[in-house]
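Visitor: Please take a close look at one helix in this model and describe how it sits in the rest of the structure.

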Amino acid sequence: MTSEWQHYAAALRASRERLQNLRVDDPALPVCIAGLSRIESMLRRPLRIVVLGEYNSGKSSLTDLILGKGLLPISVVANTSVPVLVSYADSAALFGVDSNGIQIRIDGDEDDALTDLDFRAVEIRLPLPWLKHHQLLDTPATQTPAAFAAEADIAIWCTVATRAWTESDRNLWSTVPSRCHRHALLVATHKDSFYSDDDCAQVLRRITSVTRGLFRDVLLVSAADPNAETDAAGDTGETLTSDAATVRAAIETSAQAIRERRLAKARRVTRRLARLALHEFGQNAVRPEAAAALSKWDAVSDQLIDDHNATRLSLDHALESLLHAFAHTAEVLRPGVIRGPARQTPSSTPLHAPEPAQIATQRASVLKSDLTAVLRILATSSRYESPDAREQREAARATLLTLADLDGAFVDLGRWLASHKLAISTSRAQANV
Ligand SMILES: Nc1nc2c(ncn2[C@@H]2O[C@H](COP(=O)(O)OP(=O)(O)O)[C@@H](O)[C@H]2O)c(=O)[nH]1
Ligand SMILES: [Mg+2]
């Protein structure tokens with residue numbers, strides 16, 4: 001199943017590749033392409049899950065449980081005093097990271113044994129599908145968990161259920177900034193120490209109540225149950241117990257919230273990036289006779305914004321004047337673009353006009369930037385370009401326009417203008433601008 005963020009990331013890639021393949025020599029494009037690529041990798045970056053807790057609280061066992069029992073090379077992770085990062089690769093590999101941050105492969109016959117060298121961290125790569133979108137960091141017991149939590153998308157605190165949430169658990173977790181709490185999980189291990197489901201339920205209730213507000217969810221699991229029947233590993237080598245499925249599901253709930261936030265951010269940044277690119281795009285290709293109209297618009301709109309900022313002009317008035325000036329300029333640059341052909345203005349069409357306040361929530365200067373981008377589009381379709389160059393330029397512009405998501409804004413704008421019966425006559429516009 002492909003989720004929304006994956007669709008969006010794919011769309012961003014397609015737009016970026018389209019822009020890269022166009023033969024348009026404009027400095028605005030490389031900047032936009034680089035930005036799109038950054039946004040895409042932000043979206044695709046695997047979520048980092050950091051497993052924290054005191055010595056022997058079950059961190060390494062839980063890491064192994066989440067991955068699928070037995071996949072973690074226990075000889076490597078048992079009692080390591082360094083963090084172990086588990087991430088995806090097409091084939092399994094093991095690296096030590098030295099004090100200079102250099103990765104040294106340590107799983108070949110010829111390679112140095114782990115203990116021979118002083119490593120700062122260990123990295124394990126495994127070909128597990130789950131790891132394509134997640135990374136796990138198993139940490140050594142530390143007095144400064146906040147340093148690891150800072151790198152976490154989702155922090156998991158491990159505690160032994162039979163003596164869960166000790167004072168030292170509480171003290172250590174209190175050093176972790178509260179912004180990490182929102183997606184964090186508390187996992188109590190050693191569920192197999194309890195005899196009945198009732199005991200388990202009671203313990204879980206107690207831990208949940210004493211840690212209220214500190215974690216998104218609290219789970220009770222057997223991270224390493226010596227008495228459990230060991231299921232035969234499947235072809236993938238992945239054996240998920242029901243406890244593992246529970247932990248993965250809890251991770252997924254946090255992950256979804258994080259993905260949604262990332263997606264909203266990606267959309268916001270993309271829109272801004274594309275709008276900026278539209279501004280810069282075709283700076284050199286403005287038709288000579290349009291340049292005067294554009295600079296007039298710049299002066300008038302700057303003045304309106306200054307007046308508004310100096311509180312000489314209410315936001316409503318500033319926006320209304322801005323829209324008037326925009327409409328006039330647009331009509332000069334391409335007659336009919338705002339008014340439309342006469343037959344397209346039927347008074348019978350029911351217009352769902354947004355309240356002006358809705359537009360007013362956008363700050364005047366943001367609106368000005370967007371409007372300027374559109375005016376520049378109207379001003380740059382040069383008649384002197386070769387048909388091929390024009391086609392390429394139009395394709396680039398169309399891609400940027402889609403990314404900038406201006407369409408919605410202009411549908412609203414059109415309705416707003418119509419609802420205010422702003423009669424704009426071409427002759428008046430030309431007289432004024
Ligand atoms: N019975 C049982 N033993 C566990 C459980 N979780 C961890 N252990 C054992 O507790 C010891 C410490 O676990 P480990 O994962 O190495 O803790 P860490 O120091 O936090 O990484 C090991 O001997 C594990 O086998 C559990 O849920 N049930
Ligand atoms: Mg450990």
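**One helix, two sides**

Guide: On one side of helix α9, the residues Pro-288, Ala-291, Ala-292, Ser-295, Ala-299, Asp-302 and Asp-306 are exposed, where exposed stands for 12 or fewer other C-beta atoms within 10 Å of the residue's own, buried for 20 or more, and partly exposed for counts in between, with C-beta atoms placed from the backbone. This is a predicted model, in which local features need pLDDT of at least 70, side-chain atom pairs count only at pLDDT 80 or more, and totals for chains, interfaces and linings use all residues. Residues are numbered from 1 along each chain as its sequence is written, while chains are lettered from A and ligands numbered from 1 in the order in which they are written.

Helix α9 runs over residues 288-309; helices here are DSSP runs of H or I with at least four residues, numbered from the N terminus. Its 22 residues reach 32 Å from the first C-alpha to the last, close to the expected 32 Å, that is, 1.5 Å times one less than the number of residues.

The buried residues of α9 are Ala-290, Ala-293, Leu-294, Trp-297, Ser-301, Leu-304 and His-308. They lie on the same side of α9 because they cover an arc of only 100° around the axis, taken from the directions from the helix axis to the C-beta atoms. An α-helix has 3.6 residues a turn, so residues three or four places apart point the same way.

The cover over the buried residues of α9 includes α10 (315-333) and α12 (364-380), with contact meaning C-beta atoms, placed from the backbone, within 7 Å. After α9 comes Thr-311, with a positive phi near 55°.

Technical notes
Helix = DSSP H or I, 4+ residues; strand = E, 2+ residues; numbered from the N terminus. Contact = placed C-beta atoms within 7 Å.
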